[in-house]
Amino acid sequence: MTKLSGYFYLFAEQGEELSEELITEITLEKILYAISAIALSYLLLVSIQFLTTWSSEKVPRRYRLLIKQSVPFWKGLVLIITISYLINLFLNLSGQNLLALTGTIALTLGFAFKDYTTSIIAGVVALFEAPYHVGDRVKIDEHYGEVTDFGLRGIRLKTPDDDLITIPHSKIFSEAISNSNSGKLEAQVVTNFYFHHEEDTEAIIEILYQAAYSSKYTQLKLPIVVIVSEKSWGTHFKLRAYPMDARDEFIYQTDLTRRSKKAFKQMGLKYPNLTSKFELTDAD
Amino acid sequence: MLSLISFFHRIQSWFSHAEATATEETLEDLPPEILIKLEKIIRKLPAPPTYSATIQEAILSSLKNWEADKFANRLVILASPISELSTLIPRCVPDNQLKNVAVVYPFSDLDLRNKPLQITQKLKLAIDKAVSSSHQQKIIIVIPNLEQFFLRCIGGWDGIIWLREYIVNTPEHFWLLGCNDWSWHFLDYACQINAYLETIVKLPLLEESELETWLNPVHESITKEIQEKLPLFWQTLASSSEGKSEIATQIWLNSIKLVISEEQESAQLKLMTPSLPKLPALSASNRYILQAILLHGAITRYSLALSLGEKEDNIQAEIQILLKEDLIQQKAEQLMINPIHYPKIKQELKQNNFLIGYELS
């Protein structure tokens, strides 16, 4: 405790001693330059967001994610250049001053903006660890959707219901991040089907495979699998397949269900008789 | 190398167009009645010699193998979806070199895709009828367009599964199949057709000299006065058509323009640098329709709707737009891709993560 308070005292003392040398002379010209730099960087950030979103929707699918994933890089570049320019404009950065400044900033931010700083640091970690990219379809907590923006503090998710949810980067330290496509165009889609125990499993599996192979959305280059499991209330079939575009996820599920149900109807298959005794869980 | 030449010619063609506008001449397309006449004349031309030589050589060599090994009883000829294999293969079968062998076409009159679940039954009947009507011991059963006998829907390729088993298990007949390479690629994923029908010959790509030899009789008769650009013309035509005769024909027709000048009373012909027309902007649903048409070759609206898993009414409007844009054509209720747009549509679909055909080389 005494050692720590000693450090605080040292920084505070250094801060007082260096304050005159650290900050350069502030003139009207410098203030105008700074305002211009901030306005320009804001304009650039808005333009980057607009241009990347616009162009990624215009180019062929293959390049969509490539453009979207470059957003954090361009934004980061603009911020670093702007901050460096402002620091250079107003501060006299010798080695000693830099050390004192970082110490002071760390202390200030550490106490005053703890959560904000954690999110910014997590954002930098997220850039390197890449648990999500712009364009990925992720699930964080109970929220699922497409990452539409990668900001300094957090990301924005667009949910299937068209809601926009902002999630701080700091969640990567505490929550499991489920990413469906990890920077790829395709994401696996699981479609569930339920039948009575007595129904012909082989015939159902064959129809499910054919439904997947015949759907116009299916990416045939990726594997199609049917998983069967027995439950107390019936037989559960999971059809795992990939649409050519992860965005088609729900319309793809609908197409698979429509195609399969048509064939099941022709075969006269029976669905399970669910009573109040049996309740489906999320795992089903 | 071919793509490099193609890129060079594309750049060159921009300058060529610029030159045409600078002289204040009005360039017009040939009148539709002349285009139809020219298309008819081209259709009457014999098949490009490279195509017939490749097909005949493959047939004779496969028949020889069949003599030695009864289970080597099949040959598949693959071509792009715009290739007219249904007319090309019958024209290239070397009838005069086949002694004591009957060539039968069991499915020539069948239109099966409207009822996909009945395809297998109808195929069985047609084959039995064709085989029983032949008096020869050796029979070559020709199916020039295999893609006409399946549909992308549940149960839609059961006929192909039955046929592949039947072919493998009937060594007493020789099977000559033609197929669109997009369909073949799909069928290989859906029912592993490559593992059964493994003897495959791909239709070759035509070189500039081969295209010139083939088209020259018509070309010379119409463009006698304009000879100076010819070597470069054929080179550009071969690269922009990707060596496919159907595309080359359309580009050739498109490159002949009528020059309307105020000074001269009569119109003159001008040969433009061959180039592919610009592809209009396509929506996601446009792409699904185009891919389905390419997958099935020529297809009716009803069957197309089945393949897309949509109601026919839902796709009518988009089909009309695609017809208006001339991306697709309609002949006797069958929809097909306009060959001149094929290279760019293929590229567009590839860039959008669609499954396209095998790359023919």
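**Entry 1: charged network in chain A**

I began with a network of salt bridges that links Glu57(A), Lys68(A), Arg137(A), Glu146(A), Arg247(A) and Glu249(A). The model is predicted, and I read it as such. I then picked one pair from the network. Glu146(A) and Arg137(A) join through their side chains in a salt bridge, with N to O at 3.8 Å. Are these two residues buried or exposed? I found both Glu146(A) and Arg137(A) buried. For the whole structure, I noted 19 salt bridges over all chains.

**Entry 2: a pair within one helix**

Next I looked up Arg259(A). Its salt-bridge partner is Asp255(A), and the closest N and O atoms lie 3.1 Å apart. Where do the two sit relative to each other? I placed both in helix H9 of chain A, residues 249–267. They are four residues apart there, so about one helical turn separates Arg259(A) from Asp255(A). I checked burial here too: Arg259(A) and Asp255(A) are both buried.

**Entry 3: a pair in chain B**

I moved to chain B. Glu67(B) and Lys138(B) form a salt bridge between their side chains, at 2.4 Å from N to O. This pair links distant parts of the chain, with the two positions 71 residues apart in sequence. Glu67(B) belongs to helix H3 (residues 49–68), while Lys138(B) belongs to strand E4 (residues 138–143). How does Lys138(B) count for exposure? Its relative accessibility is 27%, so I logged Lys138(B) as partly exposed; the buried class stops under 20%.

**Entry 4: Val138(A)**

Back in chain A, I looked up Val138(A). I found this residue in strand E1, residues 137–140. Val138(A) has a relative accessible area of 0%, so I logged it as buried. Which residues touch Val138(A), leaving aside neighbours within four places in sequence? I listed Tyr132(A), His143(A), Tyr144(A), Gly145(A), Val147(A), Leu157(A), Ser178(A) and Asn179(A). I also took one C-alpha distance. Val138(A) and Thr159(A) are 21 residues apart along the chain, and their C-alpha atoms are separated by 9.8 Å.

**Entry 5: confidence in chain A**

Last, I checked confidence. The pLDDT of chain A averages 85, and 88% of the residues score at least 70. Residues 1–12 of chain A have pLDDT below 50. Beyond near neighbours in sequence, I noted four contacts for this stretch in the model. Where pLDDT is low, predicted coordinates should not be read in detail. I therefore left the detail there unread.

Conventions: Residues are numbered from 1 along each chain as its sequence is written. Chains are lettered from A and ligands numbered from 1 in the order in which they are written. This is a predicted model: local features need pLDDT of at least 70, side-chain atom pairs count only at pLDDT 80 or more; totals for chains, interfaces and linings use all residues. Side-chain values use heavy atoms; hydrogens and water are left out. A salt bridge is a side-chain nitrogen of Lys or Arg within 4 Å of a carboxyl oxygen of Asp or Glu. Buried means under 20% relative accessible area, exposed over 50%, partly exposed in between (1.4 Å probe, protein chains only). pLDDT is the predictor's confidence in each residue, from 0 to 100. Contact means heavy atoms within 4.5 Å.
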